[in-house]
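Q: Can we go through this model together? I'd like the overall picture, then one sheet.

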Amino acid sequence: MEIRILGPVEVRRDGTTVPLGGSKHRALLALLVLNLNCVVSVERLISALWGDDVPATVTNQIQQAVSKLRRALGKDATGASPLVYRSPGYVLRWDEAASDLAVFERFAERGRAALADGRPSDAAREFGAALDLWRGPALGDTTGSLILGQRPRLEERRLGVLQDRIDAELALGRHAELVGMLTALVAEHPLREPFRERLMLALYRSGRQAEALDEYQRLYHLLDEELGIQPCPSVQQLHRQILTSAPDLDARPASSSPPMPRPGPSDEPIVPRHLPAGTRDFIGREEQVKLLDGLLPDGDSQAPPAVVISPVSGAAGIGKTALAVHWAHRVADRFPDGQLYVNLRGFDPSGHGLTPAEALRRCFDALEVSPQRIPVDVDAQAGLFRSLLAGKRMLVLLDNARDEEQVRPLLPASPGCFALITSRNHLSGLVTTEAARPINLGLLTDGEARELLARRLGHDRVVAEPQAVDTIISRCARLPLALAVMAARAAAQPDFPLRALAEQLRDAKTALDAFAGTDPATDLRAVFSLSYTRLSADAALLFRLLGLHPGPDVSVAAAASLAGIPVAQVRPLLATLTAAQLLIEHRPGRFTFHDLLRAYAGELVHEHETAAESHAALRRVLDHYVHTGHRAAMLINPMRREITLDERVQGITIADLTDNQQAETWFSDERSVLFAAIDLSVTARLDTAAWQIAWSLENFLDRQAQWDDFAGTQSVALAAAQRLGDGSRQLLSHLALGCASCSLGRLADVHTHAVRALELATDLADTTGQAEALHTFGWLHTERGDVDQAIHYMRRSHDMYRAADQPYGQAETLNGLGWLYIELGECDQAVRLCRQALALFQEIGDPHGQGEAWGGLGYAHFHLGRHEEAIACYREALALLRIGRDLGTEAETLVHLGDAHAALRADEPARQAWQDALTIFDALGHPDADQVRAKLRENRQSSG
């Protein structure tokens with residue numbers, strides 16, 4: 001059986017084509033063949049076959065396509081399917097010799113080796129066999145952008161082999177026969193200079209010097225008009241030789257061609273040792289070093305089963321080269337045939353990275369290859385390079401790569417070799433097509449940053465000034481390059497205290513001013529700019545606008561709002577910034593960058609965008625948080641008094657939230673961002689946004705027992721409402737602060753806010769506000785232990801809620817009265833009140849309120865000695881509270897449930913309930929955790 005992709009995708013068994021199904025099935029097979037014997041994730045399969053237009057039934061369609069292919073491929077000798085699932089996707093286990101692509105590559109390699117050895121007749125035969133495998137455009141009948149993106153790469157391989165075949169034919173003296181073919185190829189590929197160069201040579205050797213010169217003129221004018229460039233140096237040199245009828249151009253019979261120089265048996269093998277010196281104070285990166293070690297064969301194995309390619313990617317200044325060189329020295333003895341090192345200068349300050357031909361030349365120099373032996377064509381050079389490494393165990397370190405195309409010609413193909421690549425870009429194309437094993441570098445930890453400074457400055461100096469060191473690490477954002485710059489300055493002034501350096505960092509006008517210098521390799525602005533200037537205009541704009549975002553991270557929807565474009569348009573831009581290592585996707589769908597890159601983006605946005613443009617972008621992203629926060633708040637507590645928002649600004653995206661669990665997840669994800677957004681709103685004098693975002697956080701923070709944050713955000717909100725002169729917003733902020741202060745035990749503050757809230761509600765004739773203020777007085781007196789006064793205010797609050805036709809408030813106060821009557825010992829009255837509250841909560845459809853009412857009933861039954869009934873009530877309460885995800889009240893109810901079990905001497909259920917409560921309290925940092933811990937300790941002691 002064979003799989004063929006060099007033309008229409010097909011499987012042939014015993015010379016007969018096997019049905020594969022539709023285009024999606026053939027595209028799936030093609031992608032698996034391109035990644036033969038490597039796992040292709042389901043996510044990548046979906047992206048390849050459907051792109052952004054993913055159907056709801058995609059999982060089922062993938063499974064159906066896999067099943068169809070399994071039937072087509074049959075089973076191997078063991079009775080197993082060659083197409084198997086291996087998390088996170090599928091792998092096609094197949095003998096590479098049964099793929100026409102692999103056969104093509106094998107013929108091509110043999111042809112290049114023959115050509116390099118001076119055997120043009122053998123080379124022409126091998127190249128011809130390779131080209132005969134092509135039945136049309138590769139992957140000819142497949143769909144999907146990712147699949148179709150492979151077609152140009154495969155076509156480039158075919159054209160490269162075709163050029164090699166022409167070279168072999170020229171070496172055989174078949175010049176006249178080649179003119180017709182080359183003329184057609186030049187017409188088909190007018191900008192492909194190697195074909196034009198070979199046509200010129202064939203014409204000259206056929207006695208058609210004038211026509212050869214005409215071809216040069218045509219190429220010259222075409223390149224000038226189309227691209228504004230001149231022909232490449234080799235074409236220009238050939239032109240000069242044709243003009244002078246240089247003897248070197250005369251054809252020789254193949255039999256009299258001088259043999260290519262080859263090492264004889266007595267020659268010493270060339271063993272290059274070209275690694276640069278490692279960093280003597282290299283620290284950390286244990287995880288990445290372990291990952292690289294894991295790519296080597298175990299134990300005494302002589303070589304890996306295949307060539308290993310590992311790109312190490314990371315942001316500018318993150319320490320990629322340091323890691324690569326450190327590891328390469330560490331394992332150099334595992335590669336006895338040598339270590340090659342090439343700095344590709346992909347992000348060089350000069351802007352001139354090495355071309356593949358220039359990089360290959362450096363490798364040939366290291367391997368002491370005679371210049372006469374090096375072909376002109378880059379593909380042929382790459383073939384020679386792979387031939388030279390064949391059968392060897394060699395490490396090739398390619399540093400500072402720009403992209404995949406810069407490194408592909410330099411990749412070895414022989415088992416036993418290891419290609420280690422560093423780049424600011426992810427080089428995901430190598431992962432797809434070459435089965436590369438990617439490793440990504442992040443910032444140093446605080447401990448690693450401290451150790452780096454200690455090794456460069458001395459431990460005593462670092463230990464003596466811990467606060468200054470903390471400031472230096474923080475201002476350097478734990479970026480190795482920034483830390484190295486500061487360490488160098490400190491080392492140059494050993495008598496200066498480190499606090500002086502810390503003060504320079506703190507006092508710098510901008511975060512990057514302290515790292516400015518004359519050396520572009522260490523000036524952070526210059527270093528960052530090498531990544532930024534390579535971005536498309538849209539990606540560059542998004543990067544700049546992210547400098548306006550409050551941080552610490554940004555969601556896809558927020559980024560879309562910031563840029564004022566749809567989510568579908570912002571996703572590829574975020575992917576571009578991530579690939580360029582200017583952003584990190586630290587969690588699925590959430591992006592961040594370190595503080596120095598944030599400062600760089602901030603400088604750029606102020607430089608390139610007008611004040612009005614920046615303000616509009618800031619308004620959009622804050623409006624995203626205002627409107628999404630409002631939606632989330634009403635999902636968490638649909639019974640709360642809703643506020644009215646202004647019409648949202650144009651271009652914002654609101655997160656698609658449909659239930660309270662999604663709302664809670666959104667608040668959890670955005671918690672730090674929302675706090676920062678409130679502060680940024682105040683700084684930007686957008687007090688309405690500051691107040692509205694704080695309002696949206698109330699119930700989430702309260703139910704998570706995050707009362708310090710609750711109080712802090714509401715204090716900012718109150719000040720914003722006061723600046724706005726908005727009495728209604730001040731009223732709501734005072735009420736919220738009263739609630740937070742009560743939970744924190746700050747009873748004097750509760751009284752202050754309740755009094756002011758009642759005054760404002762009265763002035764505004766807001767009956768509901770008056771009821772809520774009186775309710776706050778009820779909480780205050782409950783906490784003070786003054787039950788009679790608490791009942792008085794609760795009843796007044798209930799009456800006000802009834803006058804305002806607010807059933808939710810009535811139910812809340814009835815339930816509160818029930819708990820208070822328990823304190824008076826009037827538990828039967830408490831049961832009646834809690835049942836009335838429960839009925840109201842059920843009528844308005846509030847599961848959270850129902851849970852609180854069931855909890856009150858359970859507490860009343862417990863004090864009446866009806867422990868079984870109490871347990872039943874608490875279980876009802878827990879089921880409902882978990883719907884509303886009120887963790888604090890859930891834990892309190894679990895404590896009461898444990899007490900009821902303990903009263904029945906059911907120690908195990910009691911301990912389980914208390915343990916569950918303790919787990920929640922500890923997670924929340926709740927002050928009642930120690931009381932529950934004491935219950936558990938006492939229960940174990942008494943039962944033990």
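**Fold and sheet**

A: This is a predicted model. Among contacts in the protein between residues at least 6 apart in sequence, 66% join residues at least 24 apart.

Q: How many helices and strands does the protein have?
A: There are 42 helices and 14 strands.

Q: And what does the C-alpha trace span along its principal axes?
A: About 120 × 75 × 60 Å.

Q: What share of the residues counts as buried?
A: Of 944 residues, 51% are buried.

Q: How much area does the protein expose, and what do carbon and sulfur supply?
A: About 41,800 Å² is exposed. Carbon and sulfur atoms supply 49% of that area.

Q: Now the sheet. What is the strand order in the open sheet of five?
A: The order is E8-E9-E10-E7-E11, and the pairing is parallel.

Q: Which strands sit at the edges?
A: Strand E8 (339–343) and strand E11 (439–440). Each of these pairs on one side only.

Q: How many bridges link E7 and E10?
A: Six bridges, in the parallel sense. E7 covers residues 308–313 and E10 covers residues 418–423.

Q: What stands opposite Val-308 in E10?
A: Phe-418 does.

Q: Which strands does helix H13 lie across?
A: H13 (residues 320–330) lies across E7, E9 (395–401) and E10.

Q: At what angle to E10?
A: H13 runs at about 160 degrees to E10.

Q: Switching to charge. How many positive and negative side chains are there?
A: There are 97 positive and 122 negative side chains. The centres of the two sets lie 5 Å apart.

Note on methods. Residues are numbered from 1 along each chain as its sequence is written. This is a predicted model: local features need pLDDT of at least 70, side-chain atom pairs count only at pLDDT 80 or more; totals for chains, interfaces and linings use all residues. Side-chain values use heavy atoms; hydrogens and water are left out. Two strands pair if DSSP finds at least two bridges between them. Helices (H or I, at least four residues) and strands (E, at least two) are DSSP runs, numbered from the N terminus. Contact means heavy atoms within 4.5 Å. Axes are lines fitted to C-alpha atoms, for helices over the stretch in contact, and angles run from 0 to 180 degrees between N-to-C directions. Buried means under 20% relative accessible area, exposed over 50%, partly exposed in between (1.4 Å probe, protein chains only). Accessible areas come from the Shrake-Rupley method with a 1.4 Å probe; for residues, only the protein chains shown count as cover. Lys and Arg count as positive and Asp and Glu as negative; His and the chain ends are not counted. The place of a charge is taken as NZ of Lys, CZ of Arg, CG of Asp or CD of Glu.
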